[in-house]
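Colleague: Could you take me through this one slowly? I'd like to hear how each label is earned.
Modeller: Sure, let's have a look together.

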Amino acid sequence: MPDHILPAPLIELAERVIAANRRAGRTVAVAESCTGGLVSAALTEIAGSSDVFEAGFITYSNEMKTELLKVSQDVLETFGAVSIATAWAMAQGALVKSHAHIAVAITGIAGPDGGSEQKPVGTVVFARAERGGSPDKVVADMHYFEDNGRGGVRLQAALCALELLLPEAPAP
């Protein structure tokens, strides 16, 4: 059996994330929707990741976003699941539900269906929250990835999320 079952670029970046956060003395958590656990899987492919990776929340349905991460029903109804407001609430919820120093949330439309004119397939929103950070300082952004198939969108989103977990990562 191979040591890794995920694509090499994902593993290489996950190794950097684990090593950099270990050096920084930080633990991380992720709240995933459209990536369905891909970021968590990449992090746990790395031996010794338990030093850094604390928790992964896969909240695919709106009901679970509300129940597990305490995303407000009003936020979901007003802005939708694929929005900066929802991603930010997911990241904050991951911090509240864990002891991690930093959390990244991912929500989007991987396709092939589910897109709209305003939010086409490939629309993915990211948010990063830090424990003790100002709740008024929203670190979030919406990306439009090329619609190169469901797997391609999910891979691009996972890579972006991993980048956001690096200590030196700029805002999305």
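**How the labels are earned**

Colleague: What stands opposite E32?
Modeller: E32 has I58 in β2 standing opposite. Keep in mind that this is a predicted model.

Colleague: How do you know that β1 and β2 pair?
Modeller: Two strands count as a pair when there are at least two bridges between them. Strand β1, residues 28-32, shares five bridges with β2, and the sense is parallel. Five meets that cut-off, so β1 and β2 pair.

Colleague: What makes β1 and β3 a pair?
Modeller: Again, at least two bridges are needed. Five bridges join β1 to β3, and these strands run parallel. One place to look is V28, which stands opposite I102 in β3.

Colleague: And in which sense do β3 and β4 pair?
Modeller: That pairing is antiparallel, over seven bridges. For instance, A103 has A129 in β4 as its bridge partner. In general, strands of a sheet pair through backbone hydrogen bonds, in either a parallel or an antiparallel way.

Colleague: In what order do the strands line up?
Modeller: The open sheet has five strands, ordered β2-β1-β3-β4-β5, with mixed pairing.

Colleague: Why are β2 and β5 called edge strands?
Modeller: β2 (53-58) and β5 (139-144) each pair on one side only. From one strand to the next, the twist averages 15 degrees.

Colleague: Why is β3 described as largely enclosed?
Modeller: Seven of its seven residues are buried, so β3 is largely enclosed by the rest of the structure. Both faces are covered: I102, V104, I106 and G108 are buried on one side, and A103, A105 and T107 on the other.

Colleague: Why is S98 called buried?
Modeller: Buried means under 20% relative accessible area. S98 comes out at 6%, so it counts as buried. You'll find S98 in the loop between α5 (84-96) and β3 (102-108).

Colleague: What is S98 in contact with?
Modeller: Setting aside neighbours within four places in sequence, S98 is in contact with A29, E54, A55 and R131. The side chain of S98 also reaches the backbone oxygen of A94 at 2.7 Å.

Colleague: What makes F126 and F145 an aromatic pair, and why edge-to-face?
Modeller: Ring centres have to lie within 6.5 Å, and planes over 60 degrees apart count as edge-to-face. For F126 and F145 it's 6.1 Å centre to centre, with 85 degrees between the planes, so both tests are passed. By this rule there is one aromatic pair.

Colleague: Where do the two rings sit, and are they buried or exposed?
Modeller: F126 is in strand β4 (residues 123-130) and F145 is in the loop between β5 and α6 (150-164), 19 residues apart. F126 has 0% relative accessibility, so it counts as buried. F145 is at 16%, and that counts as buried too.

Colleague: How do you know that D51 and R22 form a salt bridge?
Modeller: The rule asks for a side-chain nitrogen of Lys or Arg within 4 Å of a carboxyl oxygen of Asp or Glu. The side chains of D51 and R22 meet at 3.1 Å, N to O, so the rule is satisfied. The structure holds one salt bridge.

Colleague: What does this pair tie together?
Modeller: D51 lies in the loop between α2 (38-44) and β2, while R22 is in helix α1 (residues 8-24), so the pair ties together parts that are 29 residues apart in sequence.

Colleague: Last one: why is R22 called partly exposed?
Modeller: Buried is under 20% and exposed is over 50%, with partly exposed in between. R22 has a relative accessible area of 38%, so partly exposed is the right label.

Key. Residues numbered from 1 in each chain as written. Predicted model: local features only at pLDDT ≥ 70, side-chain atom pairs only at ≥ 80, totals over all residues. Heavy atoms only, no water. Helix = DSSP H or I, 4+ residues; strand = E, 2+ residues; numbered from the N terminus. Axes fitted to C-alpha atoms, helices over the stretch in contact; angles between N-to-C directions. Buried < 20%, exposed > 50% of the residue type's maximum accessible area, 1.4 Å probe, protein only. Polar contact = N/O pair within 3.5 Å; in protein donor to acceptor, adjacent residues only side chain to side chain. Contact = heavy atoms within 4.5 Å. Phe/Tyr/Trp six-rings, centres within 6.5 Å; stacked < 30°, edge-to-face > 60°.
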